[in-house]
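Subject: Structure for you, with notes on the aromatics

Hi,

Here is the structure I promised to pass on. Have a look at it first, and my notes follow underneath.

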Amino acid sequence: LQRGLVSFWPMDGNARDGGGRGLDGSPVFMFAGANRLGGVGKASVFLGVQSSDSFVDYGSPTDLKLQGDLSIGAWLRAASSGNDPSPRVLSYSGSGGWELLGVKSAGKINYQFLFGGSGVTTSVGYTMDEWHHVCVVKSGTVAKVYVDGVLAVSGSVGGSSSYTGSLNMGRKADAADGDWGGSIDDVAVYS
């Protein structure tokens, strides 16, 4: 699983890169929580409230200014208590770069991947307050989003991205919104 690995964040209550490239983040108001297997301190919890500023800032790592094919995988547990309708899991340079986010509606959450200003969104609402594995695979201008190992959506995305800002986990990059409420665990980015 090391081939093509750009970064791996176990999210064991901290924002350290376990992939060996030193892409460590600076957590702000993030807490250690239980992962999907019940391991205490093995996932990170974000509050999902804009006034709390609960996120991780990774700066502007060149290694993650991706233009070609990529894959992103993460275990996610969206909390129904979060108040943002479009919470971000990962966001690099906001809408001009790439983002993995949720879209809340009618007590459910869909997952969306944006690249270069356009994206794809799952159409089946997933249960909040439960763990789901979300994986994005982008090849050329086609992106596929898998949820719990099942293809949920496939479609076209932008061909290139612009990177003028930072990479954030748990909120929209370069903005004080898009706050993720819930837990994030075992995040991997491949290129």
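Let me start with phenylalanine 115: its relative accessibility is 0%, so this residue counts as buried. Keep in mind that this is a predicted model.

Phenylalanine 115 has company. It makes an aromatic pair with phenylalanine 113, with 6.4 Å from centre to centre and 25° between the planes, which makes the pair stacked. Phenylalanine 113 is buried too, with a relative accessibility of 0%. There is also a charge to look at here: lysine 138 lies over the face of phenylalanine 115, 4.4 Å from the ring centre.

How many aromatic pairs turn up in the whole structure? The search finds six. One of them joins tyrosine 111 and tyrosine 126. Their ring centres are 6.1 Å apart and the planes meet at 40°; planes under 30 degrees apart would count as stacked and over 60 as edge-to-face, so this pair is tilted. It links distant parts of the chain, 15 residues apart: tyrosine 111 belongs to strand E9 (residues 108–115), and tyrosine 126 to strand E11 (residues 126–127).

Are these two tyrosines buried or exposed? Tyrosine 111 is buried at 0% relative accessibility. Tyrosine 126 has a relative accessible area of 14%, and the cut-off for buried is under 20%, so tyrosine 126 is buried as well.

Two other spots to click on: Tyr92, Trp98 and Tyr163 come together as one aromatic cluster, and arginine 171 sits over the face of phenylalanine 55, at 3.6 Å from the ring centre.

Cheers

Note on methods:
Residues numbered from 1 in each chain as written. Predicted model: local features only at pLDDT ≥ 70, side-chain atom pairs only at ≥ 80, totals over all residues. Heavy atoms only, no water. Phe/Tyr/Trp six-rings, centres within 6.5 Å; stacked < 30°, edge-to-face > 60°. Helix = DSSP H or I, 4+ residues; strand = E, 2+ residues; numbered from the N terminus. Buried < 20%, exposed > 50% of the residue type's maximum accessible area, 1.4 Å probe, protein only. Lys NZ or Arg CZ within 6 Å of the ring centre and 35° of its normal.
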